[in-house]
Structure formats: C-alpha cells, structure tokens
Amino acid sequence: MRELFDKALGAYLGFAIGDALGATVEFMRPREIALHHGVHREIVGGGWLKLARGQVTDDTTMSLALGAALLQGGSPALCGLVRGDDSLVRSIGHAYVQWFKAKPVDCGNTCRRGIQRLLHDGTLEGPFNPGDGGNGALMRNLPSVLATLGNDAAFARLSIAQAHLTHHHPLCDAATLGLGRLLGLLLAGADRAAARLWAAQWVHDNPAFGFTPYRGRATAYVVDTVQTVLHYWTLHDDFEAAVVATVNQGDDADTTGALVGMLAGARCGAARLPQRWLHRLQPDTVQAITNQTSGLLALAQGLPLANPV
C-alpha cells in the first residue's frame with residue numbers, strides 16, 4: 001500500500017508540477033520560448049495569466065473539484081453510478097459550477113459552455129458537438145482513476161459521465177479512457193516496457209492518436225494533446241527531462257505538461273520528484289493533493305472487486 005500511495009501521489013503532484021511549470025509558456029511557440037527563456041525549466045509564475053510563483057491553473061483546480069465531489073459521495077455514490085444512478089454525476093456537476101463561480105484563473109471555452117448549460121437547464125450531458133474536441137475532460141480525470149483503481153467498470157462509467165458534463169465527443173471519450181487506463185497500469189506497477197507496449201497497442205486501436213512521426217502540435221485539441229504527451233513520455237525516462245521537453249513545445253503547455261507529469265510521476269513516485277519543484281508549489285495545493293490522494297485510494301478499496309485495468 002505504501003508503494004501504491006507513493007506512485008499515486010507522484011502522479012498527482014507530478015500533474016500539478018507540470019501544470020505550474022507549463023503555465024508560464026502557455027500559448028507560446030517553441031521559438032518564442034527559446035528567445036525569452038532559453039530552455040524553460042523553473043517554476044516562476046507569470047505567463048499570460050500572470051500567475052504567482054507556484055500557482056496552478058484550471059487543470060489542477062478542476063481535478064481537485066472532481067476529487068472533492070468523489071470523496072463527498074463516497075463508495076455508495078460510486079456503486080450507485082455503476083448501477084445507473086446519476087446522483088454522483090449531479091454532485092460532480094455542482095462541484096464544477098461552484099468552481100466556476102469562484103472565478104478560477106482560467107476556464108476553457110468548452111468547459112465554460114458546459115458549465116453554463118448546467119446552470120441554465122440542469123442537464124448532465126449535452127448533445128454530440130463536433131466543436132467539443134478539446135482536452136478539458138481529459139485533463140481533470142486523474143481523481144477518477146484513483147477513486148476506481150482495480151474496477152474498470154466503475155472507472156469507465158465515472159470517466160465518461162464526468163467528461164460529458166462539458167465535452168461530448170468520441171475522441172475526448174477515447175483519450176480520457178486511454179490515458180486513464182495507462183495511468184492505472186503504471187500505478188499497478190507496470191514497468192516501462194510493458195507500459196509502452198500497452199500505449200502502442202492503444203494507438204493501434206485508436207489510430208487518430210498516432211504520434212510517430214510526431215507532428216509538433218501541442219494545442220488544446222485533444223488529438224494534439226495526446227500525441228504530444230505520448231511522444232515526450234515515451235521519449236524520456238527521467239521525470240524532469242520529460243516535463244521540460246513537453247512544456248518547451250509550448251501551445252497548451254500547462255495541460256500537456258500536467259499530463260506528462262502525471263504519467264512520469266506515477267512511474268517514479270513522489271519520493272523521486274524534483275524537490276526544488278515541489279518546494280515551489282503553493283503549500284495549500286500540495287496539502288490538498290496529498291489529502292485527496294489518500295482519500296481517493298481508500299475510496300477505491302471500498303468498491304467491490306473487479307478485473308484490474
């Protein structure tokens with residue numbers, strides 16, 4: 001259990017590190033980053049959002065909102081969700097609404113539209129929209145993985161339900177499930193070779209996300225995001241090298257950095273994360289993540305056993 005907690009905490013803190021590091025260079029192009037920063041490798045804040053040093057963006061704060069809703073609902077709500085009860089989904093939607101009303105530093109357009117729909121008519125899912133192919137549902141799904149670890153049916157139902165609150169697009173669904181299952185595999189102890197083999201098979205089954213050769217696009221379009229994440233995660237064994245390379249690709253650097261940090265953090269564990277970056281994160285963020293990680297893993301242990309990921 002101690003090793004699992006270290007891996008899970010490494011994933012969640014790695015996610016926040018990648019978010020905070022990447023936010024500084026979000027929407028910049030690689031040449032701009034090189035001109036202004038050389039190689040951007042320190043958490044300094046700033047960027048177009050004018051963040052404080054160590055401040056995270058909507059990637060982490062929406063994840064924390066989801067995690068809080070899951071912990072409030074507990075195992076009975078998760079089991080009810082698998083049986084078709086939408087009470088937990090409604091609670092998650094309420095958490096996203098409260099997050100939005102608190103005026104977060106940023107909110108993507110598709111997330112905003114979905115939350116405003118929730119506010120106006122209370123529906124938990126909009127119709128398919130070809131414009132919903134952004135990465136907002138994928139970016140915040142980490143708590144779903146932790147809360148349902150070892151129960152793939154619960155993971156799939158929860159992931160799609162929370163995604164459809166704002167995003168209803170098959171590519172978003174595939175990406176959210178795919179990276180979530182890859183994270184679950186890493187948390188279960190898969191080595192690098194096994195995880196890369198799984199990713200290769202997943203890309204074969206979902207060819208839209210093929211990342212070889214890498215096209216160099218790191219936008220918020222979910223295909224570009226996943227291709228960037230898998231490219232740099234498979235290219236670098238080291239946590240710091242993977243995250244630095246990713247955020248220096250620019251574009252939606254807070255999200256790509258967060259997702260690479262999540263996968264690389266699960267691989268190395270919290271104990272091996274770069275201490276200088278951990279110390280730069282705001283203490284309340286680190287505390288909230290640590291508390292949630294413990295609670296979400298406990299929640300997963302309370303679910304009925306199912307086939308592992």
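1. Two residues are in contact when heavy atoms of theirs lie within 4.5 Å. With that meaning in hand, consider the contacts in this predicted model whose partners have a separation of 6 or more in sequence: residues 24 or more positions apart account for 75% of them.

2. On the overall form, the protein is built with 15 helices and zero strands. A compact globule of 309 residues would have a radius of gyration near 19 Å, and the 18 Å found for this protein agrees with that expectation. Taken along the principal axes, the C-alpha atoms fill a box of roughly 55 × 40 × 40 Å.

3. As for the surface, 58% of the 309 residues count as buried. The accessible surface comes to about 12,400 Å², and carbon and sulfur atoms hold 56% of that area.

4. Asp-58, which lies in helix H3 (residues 58-82), deserves a careful look, for this acidic residue is buried yet has no salt bridge. A salt bridge would need a side-chain nitrogen of Lys or Arg within 4 Å of a carboxyl oxygen, whereas the nearest side chain of opposite charge, that of Arg-140, is 8.2 Å away from Asp-58. What the side chain of Asp-58 does have is a polar contact of 3.2 Å with the side chain of Thr-57. Not counting residues up to four places away in sequence, Asp-58 touches Ser-63, Trp-99, Asp-106, Cys-107, Gly-108, Met-139 and Asp-254.

5. Glu-26 can be read in a similar manner, although its setting is the loop between helix H1 (2-23) and helix H2 (30-37). Glu-26 is buried and has no salt bridge, with Arg-112, the nearest side chain of opposite charge, 11 Å away. A polar contact of 2.9 Å joins the side chain of Glu-26 to that of Trp-48. When neighbours within four places in sequence are left aside, the residues in contact with Glu-26 are Trp-48, Leu-49, Asp-251, Asp-252, Ala-253 and Asp-254. Asp-254 is also among the residues that Asp-58 touches.

6. Helix H12 (residues 239-247) is mostly covered, since seven of its nine residues are buried. Those buried residues are Phe-239, Glu-240, Ala-242, Val-243, Val-244, Thr-246 and Val-247, and what covers them includes H1, H2, helix H11 (222-235), helix H13 (253-268) and helix H14 (275-280). At the start of H12, a side-chain oxygen of Asp-238 reaches to within 3.1 Å of the backbone nitrogen of Glu-240.

7. Some details of the backbone should be checked by eye. Thr-212 and Pro-213 are joined by a cis peptide bond, with omega about 0°, and Pro-213 lies in the loop between helix H10 (192-205) and H11.

8. Two lysines have a positive phi although neither is a glycine: the angle is about 55° at Lys-50 and about 60° at Lys-103. Lys-50 has its place in the loop between H2 and H3, while Lys-103 sits in the loop between helix H4 (87-101) and helix H5 (109-121). Are these lysines buried or exposed? Exposed means over 50% relative accessible area, so Lys-50, with 70%, counts as exposed, and Lys-103, at 72% relative accessibility, does as well.

Conventions: Residues numbered from 1 in each chain as written. Predicted model: local features only at pLDDT ≥ 70, side-chain atom pairs only at ≥ 80, totals over all residues. Heavy atoms only, no water. Helix = DSSP H or I, 4+ residues; strand = E, 2+ residues; numbered from the N terminus. Buried < 20%, exposed > 50% of the residue type's maximum accessible area, 1.4 Å probe, protein only. Lys, Arg positive; Asp, Glu negative; His and termini not counted. Polar contact = N/O pair within 3.5 Å; in protein donor to acceptor, adjacent residues only side chain to side chain. Rg over C-alpha atoms; globule rule 2.2 N^0.38 Å. Areas by Shrake-Rupley, 256 points an atom, 1.4 Å probe, with all protein chains shown as cover.
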